Amino acid sequence: MRTPPRTCPRRERESGMVSAELAAAFPAVVLALLFVLGAAQHGIAATRAQEAARVAARSAARGDPPGQVQSLAHRVAPGAGVAVSGDGNRVQVRVTVPARGPTAWMVPSGRFVADATAVREENDDGNR
């Protein structure tokens with residue numbers, strides 16, 4: 001008659017270790033993913049602010065009315081604040097986009113600011 005094989009006491013102690021390790025690591029993985037997605041969202045917002053400033057400065061340099069300049073900037077960066085100023089033959093535009101999402105606290109000022117400058121274009125009558 002054969003004797004049944006003995007079970008290893010070590011195996012019995014480690015039977016749930018993988019589940020416990022996974023349960024401990026899962027929150028860290030979720031947190032890392034949150035930071036990566038937040039950084040990507042901040043990069044997109046900063047790029048939109050810069051693009052909106054560029055588009056608005058180009059529009060203002062063409063002599064478009066202020067409402068149209070702001071409308072173009074808002075198409076590129078919805079919810080942005082737009083300030084247009086100018087002196088002589090130059091136009092400056094500052095676009096401010098608020099930081100959003102669960103990682104907005106990571107942006108020191110809470111917003112992204114982009115500036116653009118353009119030279120005023122001459123009209124058909126030769127005026128700037």
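## Exercises on salt bridges, strands and a pocket

Arg-58 and Glu-121 are joined by a salt bridge, with 1.9 Å between their closest N and O atoms. The model is a predicted one, in which local features need pLDDT of at least 70 and side-chain atom pairs count only at pLDDT 80 or more, while totals for chains, interfaces and linings use all residues. Residues are numbered from 1 along each chain as its sequence is written, and side-chain values use heavy atoms, with hydrogens and water left out.

### Exercise 1: The fold in outline

Work out how many helices and strands the protein chain has, and in what order they run.

Step 1. Start with the rule: helices (H or I, at least four residues) and strands (E, at least two) are DSSP runs, numbered from the N terminus.

Step 2. Count them: the protein chain has 3 helices and 3 strands.

Step 3. Read from the N terminus, and the order is α-α-α-β-β-β.

Step 4. Add the burial: of the 128 residues in the protein chain, 23% are buried. Here buried means under 20% relative accessible area, exposed over 50%, and partly exposed in between (1.4 Å probe, protein chains only).

### Exercise 2: Pairs of opposite charge

Find which parts of the chain the salt bridge of Arg-58 and Glu-121 ties together.

Step 1. Recall that side chains of opposite charge can pair when their charged atoms come close. The cut-off used here asks for a side-chain nitrogen of Lys or Arg within 4 Å of a carboxyl oxygen of Asp or Glu.

Step 2. Apply the rule, and the count comes to 4 salt bridges.

Step 3. Place the pair: Arg-58 lies in helix H2 and Glu-121 in the segment after strand E3 (111–119), so the salt bridge ties together parts 63 residues apart in sequence.

Step 4. Check the surroundings of each partner. Arg-58 is partly exposed at 42% relative accessible area, and Glu-121 is partly exposed at 27%.

Step 5. Look at another pair, Asp-115 and Arg-94, whose side chains meet in a salt bridge of 2.7 Å, N to O. This pair links distant parts of the chain, with Asp-115 in strand E3 and Arg-94 in strand E2, 21 residues apart. Asp-115 has a relative accessibility of 43% and counts as partly exposed; Arg-94, at 44%, is partly exposed too.

Step 6. Finish with Arg-62 and Asp-64, where the N to O distance of the salt bridge is 2.9 Å. Arg-62 counts as partly exposed at 38% relative accessibility.

### Exercise 3: Distances from Val-84

Determine how far Val-84 is from Arg-94 and from Ala-116, C-alpha to C-alpha.

Step 1. Find Val-84 in strand E1 (residues 81–87); Val-84 is partly exposed, at 43% relative accessible area.

Step 2. Go to Arg-94, 10 residues apart from Val-84 along the chain: their C-alpha atoms are separated by 6.6 Å.

Step 3. Go on to Ala-116, which is found in strand E3 and counts as buried at 12% relative accessibility. The C-alpha atoms of Ala-116 and Val-84 are separated by 9.8 Å, with their positions 32 residues apart along the chain.

### Exercise 4: The largest pocket

Describe the volume and lining of the largest pocket.

Step 1. Keep the idea in mind: rolling a probe the size of a water molecule over the atoms shows where empty space is left. On a 1 Å grid over the protein atoms alone, a pocket is an open set of points where a 1.4 Å probe fits, with protein on both sides within 12 Å along at least five of seven lines; lining residues have an atom within 4 Å of a point.

Step 2. Read the volume (the space filled by probe spheres set on the points, which are joined across faces, edges and corners). For the largest pocket this is about 180 Å³.

Step 3. Inspect the lining, which includes Gln-41, His-42, Arg-48, Val-97, Arg-100 and Phe-112.

Step 4. Sort the lining by element: helix H2 (17–62) and strand E2 (90–98) each supply at least two residues, and the largest share, 5 residues, comes from H2.

Step 5. Sort the lining by class: 8 residues are nonpolar (Ala, Val, Leu, Ile, Met, Phe, Trp, Tyr, Cys and Pro), 2 are charged (Asp, Glu, Lys and Arg), and 2 are polar (the others, Gly among them).
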